Amino acid sequence: MVYILLGEGFEEAEAILPADLLRRAGVEVSLVGLEGPVVTGSHGIAVTADVTLEQVDAEAMEMLVLPGGLGGVASIQMDLFATALIQKASDRGCWLGAICPSILAHMGILDRRKATCHPCVLDEMGSAAVRRDEQVVVDGRIVTAQAAGAAFPFGLKLVEVLRGREAAEQVRDAVLYRG
């Protein structure tokens with residue numbers, strides 16, 4: 001199971017596009033509402049989550065995805081249950097995906113790891129080895145991406161790490177992505 005955390009003010013493209021691409025590859029995905037079942041993104045789009053944070057089955061978690069959006073990031077960082085889930089995913093060796101990886105950096109999860117991020121959070125990346133010119137970076141079981149413009153390659157990379165390159169290419173071809 002892949003869980004995608006949605007806090008108020010999340011970046012819609014960074015959550016919905018990866019969810020869609022993963023589901024097209026046959027991956028079970030649940031959108032998780034931190035504050036309840038309906039979460040409003042940074043551009044006013046309300047999304048009905050599949051489950052609330054209290055309903056997450058951490059034992060079934062294969063991957064945890066953290067979309068960006070300044071409000072969504074702040075919501076996740078201020079939620080003790082959300083940060084505990086992130087730490088549990090890291091400790092258990094689950095895949096972590098983050099388009100705004102500053103949360104992972106603040107938690108020490110990116111220490112001395114390769115990552116990428118939006119330029120506006122460079123000073124928050126701690127000891128991470130930031131790759132400024134790469135849209136998506138994989139280091140171990142952590143996938144990071146720069147911003148909403150990287151949502152397609154990020155989502156396809158998530159498919160690839162979970163289901164293989166062939167599955168990612170099939171999804172890419174089916175949606176006619178040429179990036």
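Start at Gly 44, in the loop between strand 3 (38–40) and strand 4 (46–48). This is a predicted model, so the values along the tour are computed from predicted coordinates. Gly 44 is exposed, with a relative accessible area of 57%. Now add Glu 8 to the selection. Gly 44 and Glu 8 are 36 residues apart in sequence, and their C-alpha atoms are 9.8 Å apart in space.

**The whole chain**

Zoom out and colour by secondary structure. The protein chain has 6 helices and 11 strands. Its radius of gyration is 15 Å, close to the 16 Å that the globule rule gives for 179 residues, so the chain is as compact as a globular protein of that length. Turn the C-alpha trace along its principal axes: the spans are about 40 × 35 × 35 Å.

Switch on the surface. The accessible surface of the protein chain comes to about 8,000 Å², and carbon and sulfur atoms hold 50% of that area. Buried residues make up 52% of the 179 residues. Among contacts with a separation of 6 or more, 62% are between residues 24 or more positions apart. For the charges, select the 15 positive and 24 negative ones; the mean positions of the two sets are 8 Å apart.

**Helix 2**

Which residues of helix 2 are buried? Select residues 70–78 and pick out Gly 72, Val 73, Ser 75 and Ile 76, the buried residues of this helix. Look down the axis of helix 2: the buried residues fall within an arc of 160°, so they line one face of the helix. In general, an α-helix has 3.6 residues a turn, so residues three or four places apart point the same way. On the other side of helix 2 are Leu 70 and Met 78, both exposed.

Next, show what the buried residues of helix 2 pack against: strand 1 (2–6), strand 6 (63–66), helix 3 (80–92) and helix 4 (102–106).

Stay on helix 2 and centre on Ser 75. Its relative accessible area is 12%, and Ser 75 is buried. Leaving aside neighbours within four places in sequence, Ser 75 is in contact with Gly 7, Glu 8, Leu 34 and Glu 35. Glu 8 was also the partner chosen for the distance from Gly 44.

**Val 29 and strand 2**

Move to strand 2 (residues 29–33) and select Val 29. Is Val 29 buried or exposed? At 7% relative accessibility, Val 29 counts as buried. Not counting residues up to four places away in sequence, Val 29 touches Met 1, Val 2, Ile 4, Ala 19, Leu 22, Arg 23 and Asp 50. Add Tyr 3 for a distance: the C-alpha atoms of Val 29 and Tyr 3 are separated by 5.9 Å, with their positions 26 residues apart along the chain.

**Met 61**

Keep Met 1 and Tyr 3 on screen and select Met 61, in the loop between strand 5 (51–52) and strand 6. Met 61 counts as buried, at 3% relative accessibility. Beyond residues up to four places away in sequence, Met 61 touches Met 1, Tyr 3, Leu 85, Ala 89, Arg 92 and Cys 94. One of these, Arg 92, is 31 residues from Met 61 along the chain, and the two C-alpha atoms are separated by 9.5 Å.

**Pro 101**

Go on to Pro 101, in the loop between strand 7 (95–98) and helix 4. Its relative accessibility is 0%, and Pro 101 counts as buried. Show the residues that Pro 101 touches, apart from those up to four places away in sequence: Leu 110, Thr 116, Cys 117, Met 125, Thr 144 and Ala 145. For a separation across the chain, add Gly 41. Pro 101 and Gly 41 are 60 residues apart along the chain, with 18 Å between their C-alpha atoms.

**Two positive phi angles**

Most residues other than glycine have a negative phi. The last two stops have positive values.

Select Arg 112, in the loop between helix 4 and strand 8 (114–115). Phi of Arg 112 is near 60°, a positive value in a residue other than glycine. Arg 112 is exposed, with a relative accessible area of 70%.

Finish at Leu 176, in the segment after helix 6 (165–174). Leu 176 also has a positive phi, about 60°, although it is not a glycine. The relative accessible area of Leu 176 is 58%, and this residue is exposed.

Methods
Residues numbered from 1 in each chain as written. Predicted model: local features only at pLDDT ≥ 70, side-chain atom pairs only at ≥ 80, totals over all residues. Heavy atoms only, no water. Helix = DSSP H or I, 4+ residues; strand = E, 2+ residues; numbered from the N terminus. Rg over C-alpha atoms; globule rule 2.2 N^0.38 Å. Buried < 20%, exposed > 50% of the residue type's maximum accessible area, 1.4 Å probe, protein only. Contact = heavy atoms within 4.5 Å. Areas by Shrake-Rupley, 256 points an atom, 1.4 Å probe, with all protein chains shown as cover. Lys, Arg positive; Asp, Glu negative; His and termini not counted. Charge placed at Lys NZ, Arg CZ, Asp CG, Glu CD. Arc of directions from axis to C-beta.
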